[in-house]
Amino acid sequence: MRVLICGGGVIGTSLAYFLSLRGVEALVVERAGVANAASGKSGGFLARDWCDGSPLEALARRGFDLHAELAGSLGRDWGYRRVETLGVVASARRDVGRFRRLPSPDWLAGGSAVHGKLGGPDTTAQIHPAAFTEAMMAGAAERGARLIEGCVQGIALAPDGARATGAVVDGTEVAADAVVIAMGPWSLLACRWLPLPAVYGIKGHSLVFDYEPSPVSLFVELETGDGETAAPEINPRPDGTTYVCGLSGEHALPVDPADVLPEAGACARLRRMTASVAPALAASRVLAEQACFRPVTADGLPLIGPVPGIAGAYVATGHSVWGMLNAPSTGEALTALIAGDAHGGVDLRPYDPARLERLDPGVLVS
Ligand SMILES: Cc1cc2nc3c(=O)[nH]c(=O)nc-3n(C[C@H](O)[C@H](O)[C@H](O)COP(=O)(O)OP(=O)(O)OC[C@H]3O[C@@H](n4cnc5c(N)ncnc54)[C@H](O)[C@@H]3O)c2cc1C
């Protein structure tokens, strides 16, 4: 069996890895480089129980466990480590001392306060997102998967229009027994080819600093100097860098992933926000100023499963803020579904694409 996966983000490459573990031939088609989008520019923060009580609980818990297993078994380094995670309050305008419940890491501004522990090494962890996504692709390739550099331009259907037979890649039809749309926010474009619900992109900016403080993840509630509130997230990494995100963008998703750029002034603003929390971090060298779009759906849950009415067509996208965490559990469970194994991985029914109305492709401008 040959499965063609459209998109080389963390979802597409994780699926390729789990398919190839089972001896299924996987072809990943990627137009702008593996991990060029959110899967290379995210926080890489993982939490075991933060989705408890929601429809994501099983996917997240399995994702967390699989990350630990993969880190121990794949023989590659993507900076996986368990960390303590703290909740911080900071303000550039007022004293927040009354929120202080725990001692602050010594690299935080004197005016910030740690109000609680959000997770410990048993429940929270970090990865380097690009390194993880690339390792999934490399692990898949070692087991026979192939990466095709090219742009998916459509899905090939059988004459009755009810079965996928491959995809059109840069004008050439590539045959497959099954096709999976895993193009992150660009999965919206696949609504032209298949009866799929809408997927939207929400833009976020991030900075990577040349700075390695103590290993801890921080979720900050910040009041800026101009009285706005913000929620930066700070993830020091074992490669000597620190990642900061937490500033959204206004621009719409460009058709070409290579055209995603930071907006004017956004990275300077994120750096000023960082300075209110961690002055030495904000003063260090900036290694990357970047932006990316996370894929979201109308009800906030991912779309994972068969495309209604088209045999052999599947979708795996819309993972929003938990795509890194939930990529392995998505890959494992979708592999079981495609391979016809009813008992493999988590129950995907809460994420069935059929729960949402299909988007009228006529509303998409070309
Ligand atoms: C700022 C930010 C921080 C985040 N932090 C975290 C975090 O800490 N933890 C966590 O779990 N998640 C986090 N996320 C969410 C996570 O990054 C995403 O959910 C995840 O990366 C989505 O992966 P994906 O594979 O679906 O999409 P993408 O990474 O967008 O990959 C889609 C791929 O499809 C390719 N593609 C598009 N169109 C075509 C085409 N026509 N032909 C071929 N290829 C195509 C693109 O080039 C791209 O490589 C964060 C997201 C953002 C924006």
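**Exercise 1.** In this predicted model, find how many residue pairs are in polar contact between domain 1 and domain 2, counting pairs with both at pLDDT 80 or more.

*Solution.* Start with the count: nine residue pairs are in polar contact between domain 1 and domain 2. Next, look at who sits on the domain 1 side: eleven nonpolar, ten polar and two charged residues touch domain 2. Then check for salt bridges, where the count between the two domains is one.

**Exercise 2.** Work out which residue forms a salt bridge with Arg 31.

*Solution.* Go to Asp 256, the partner of Arg 31. The closest N and O atoms of this pair are 3.6 Å apart. The cut-off is 4 Å, so the pair counts.

**Exercise 3.** Lay out the two domains and say how much area they bury between them.

*Solution.* First, split the chain: domain 1 covers 2-76 + 127-197 + 298-363, and domain 2 covers 84-119 + 201-296. Their C-alpha centres lie 29 Å apart. The contact draws 23 residues from domain 1 and 24 from domain 2. Now the area: about 1,900 Å² gets buried, 65% of it on carbon and sulfur atoms. On the domain 1 side, Lys 41, Pro 185 and Trp 186 lose the most area to domain 2, together 32% of what that side buries.

**Exercise 4.** Classify the ring pair Phe 45 and Phe 219.

*Solution.* For context, there are eight aromatic pairs in total. In this one, the ring centres are 4.9 Å apart and the planes stand at 65 degrees, so Phe 45 and Phe 219 are edge-to-face. Last, place them in the chain: Phe 45 is in strand β3 (residues 45-47) and Phe 219 in strand β14 (residues 216-223), 174 residues apart.

Methods:
Residues are numbered from 1 along each chain as its sequence is written. This is a predicted model: local features need pLDDT of at least 70, side-chain atom pairs count only at pLDDT 80 or more; totals for chains, interfaces and linings use all residues. Side-chain values use heavy atoms; hydrogens and water are left out. Domain bounds come from an automatic or database domain assignment. Contact means heavy atoms within 4.5 Å. Buried area is the accessible area (1.4 Å probe) that two parts lose on being put together, summed over both. A salt bridge is a side-chain nitrogen of Lys or Arg within 4 Å of a carboxyl oxygen of Asp or Glu. A polar contact is a pair of N or O atoms within 3.5 Å; within protein, one must be able to donate a hydrogen and the other to accept it, and residues adjacent in sequence count only if both atoms are side-chain atoms. Ala, Val, Leu, Ile, Met, Phe, Trp, Tyr, Cys and Pro count as nonpolar, Asp, Glu, Lys and Arg as charged, and the others, Gly among them, as polar. Rings of Phe, Tyr and Trp (its six-membered ring) pair if their centres lie within 6.5 Å; planes under 30 degrees apart count as stacked, over 60 as edge-to-face and the rest as tilted. Helices (H or I, at least four residues) and strands (E, at least two) are DSSP runs, numbered from the N terminus.
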